[in-house]
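The following exercises invite the reader to examine a protein model step by step. Each task is followed by a worked solution.

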Amino acid sequence: MTPPDAPHNRWSDLDRPPLNVTALRRGLLRPESLWSELEVVETTGSTNSDLAERARSGDLAEGTVLVAEEQTAGRGRLERSWTAPPRSGLFFSVYLEPGDDVPVERWGWVPLLAGVAAATGLAKAAGVDTALKWPNDLLVTVESEERKAGGILGEFAGDGIVVGLGINVSLRADELPAPTAGSLALAGAVSTDRETLLRAVLRSLEHWYGEWKGAGGDAAASGLQAAYAAGCATLDRTVRAELPGGNSLVGQAVAIDGDGRLVLSTDDGLQQPVSAGDIVHLRGAAGGLT
């Protein structure tokens, strides 16, 4: 805790130490590693926007990682904002170039791949069961309720794709931006050390990206499709898909297909793949609607 006589400073929360960039580079930037560059900045608008701008200018190598201690204009899907107190979470983006090894029509799997990697890495390093809500949310359980603790955003830029992750690590109950939000700390994490968590997620991301890219982007052959389905909290539930253009579709989520789409079984007996949209869990969710 900050001493009571200390001057007010939003960076002085001793429960939230700054990241040690030297230690992170030493642990991640190994020979033959995917990760080629790692930078930690004190604050920025959006790590995704920063890397995308560099990618469009041609000034970016695959495996670049940009981490911010604070994001002032973080973006989620559908241009939603993502903000949190300084050093309370992991806010970072990576740049990947699947290149000629993977047909571009399969690049849509990259954000889903990042979700599998994040859930796997956090389960190991934080000891928290992290589930995936299709297409881009990370869920944890807080007081028997599913809460959103993280989100993923992918966007094409330059010759590759920028993938950003925002993960609530140490957010306290009075800091949550919404009643449906959560954090690793509130979910009972055994560790909220952000360096440990970041290394775990990036190593998991390197593993899954290598498997997927080595299989030519084939999600089934690489095991990615099965891994996503196994960790997806959306499957086997009745959901409402709020589609682009204002339409909606209600059905039971029965599968993730080979293109990464969510397949809904509707009351009229049809199976309808959904490639984009907001998903609301209507029944079967712990704690009700999510």
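**Exercise 1. Locate Pro135 and describe the peptide bond that leads to it.**

Solution. The model under study is a predicted one. Pro135 belongs to the loop that runs between strand E6 (131-133) and strand E7 (137-142). The next step is to inspect the bond from Trp134 to Pro135: this peptide bond is cis, and its omega is near 5 degrees.

**Exercise 2. Describe the overall make-up of the protein.**

Solution. Begin with the secondary structure: the protein contains five helices and 14 strands. Its radius of gyration is 19 Å, close to the 19 Å given by the globule rule for 290 residues, so the protein is as compact as a globular protein of that length. Along the principal axes, the C-alpha atoms occupy a box of roughly 65 × 45 × 35 Å.

Continue with burial and surface. Of the 290 residues, 51% count as buried. The exposed area of the protein is about 13100 Å², and carbon and sulfur atoms supply 48% of this area.

Finally, consider the contacts between residues at least 6 apart in sequence: 65% of these join residues at least 24 apart.

**Exercise 3. Determine which parts of the chain are tied together by the salt bridges of Lys213.**

Solution. Side chains of opposite charge can pair when their charged atoms come close. A search of the whole structure yields 14 salt bridges.

Step one concerns Glu62. The side chains of Lys213 and Glu62 form a salt bridge, at 3.9 Å from N to O. Lys213 lies in helix H4 (residues 194-214), whereas Glu62 lies in the loop between helix H2 (47-56) and strand E2 (64-68), so this pair ties together parts that are 151 residues apart in sequence. Glu62 is partly exposed, with a relative accessible area of 23%.

Step two concerns Asp101. A salt bridge joins Asp101 to Lys213, with the closest N and O atoms 3.9 Å apart. Asp101 is placed in the loop between strand E5 (89-96) and helix H3 (109-126) and Lys213 in helix H4, so the pair ties together parts that are 112 residues apart in sequence. Asp101 has a relative accessibility of 48% and counts as partly exposed.

**Exercise 4. Establish whether Leu171 is buried or exposed, and list its contacts.**

Solution. First, place the residue: Leu171 is in the loop between strand E9 (160-168) and H4. Its relative accessible area is 1%; since buried means under 20%, Leu171 is buried.

Next, set aside the neighbours within four places in sequence. Leu171 is then in contact with Arg16, Ala84, Pro85, Ser88, Leu176, Pro177, Ser183 and Leu186. For Leu186, the separation from Leu171 is 15 residues in sequence and 7.5 Å in space, C-alpha to C-alpha.

**Exercise 5. Describe the setting of Arg87 and of Glu143, given that each has a positive phi.**

Solution. Take Arg87 first. Its phi is near 65 degrees, a positive value in a residue other than glycine. Arg87 sits in the loop between strand E4 (81-82) and E5, and at 7% relative accessibility Arg87 counts as buried.

Turn then to Glu143, which is not a glycine and has a positive phi of about 50 degrees. Glu143 is in the loop between E7 and strand E8 (145-157). With a relative accessible area of 71%, Glu143 is exposed.

Definitions and conventions
Residues numbered from 1 in each chain as written. Predicted model: local features only at pLDDT ≥ 70, side-chain atom pairs only at ≥ 80, totals over all residues. Heavy atoms only, no water. Helix = DSSP H or I, 4+ residues; strand = E, 2+ residues; numbered from the N terminus. Rg over C-alpha atoms; globule rule 2.2 N^0.38 Å. Buried < 20%, exposed > 50% of the residue type's maximum accessible area, 1.4 Å probe, protein only. Contact = heavy atoms within 4.5 Å. Areas by Shrake-Rupley, 256 points an atom, 1.4 Å probe, with all protein chains shown as cover. Salt bridge = Lys/Arg side-chain N within 4 Å of Asp/Glu carboxyl O.
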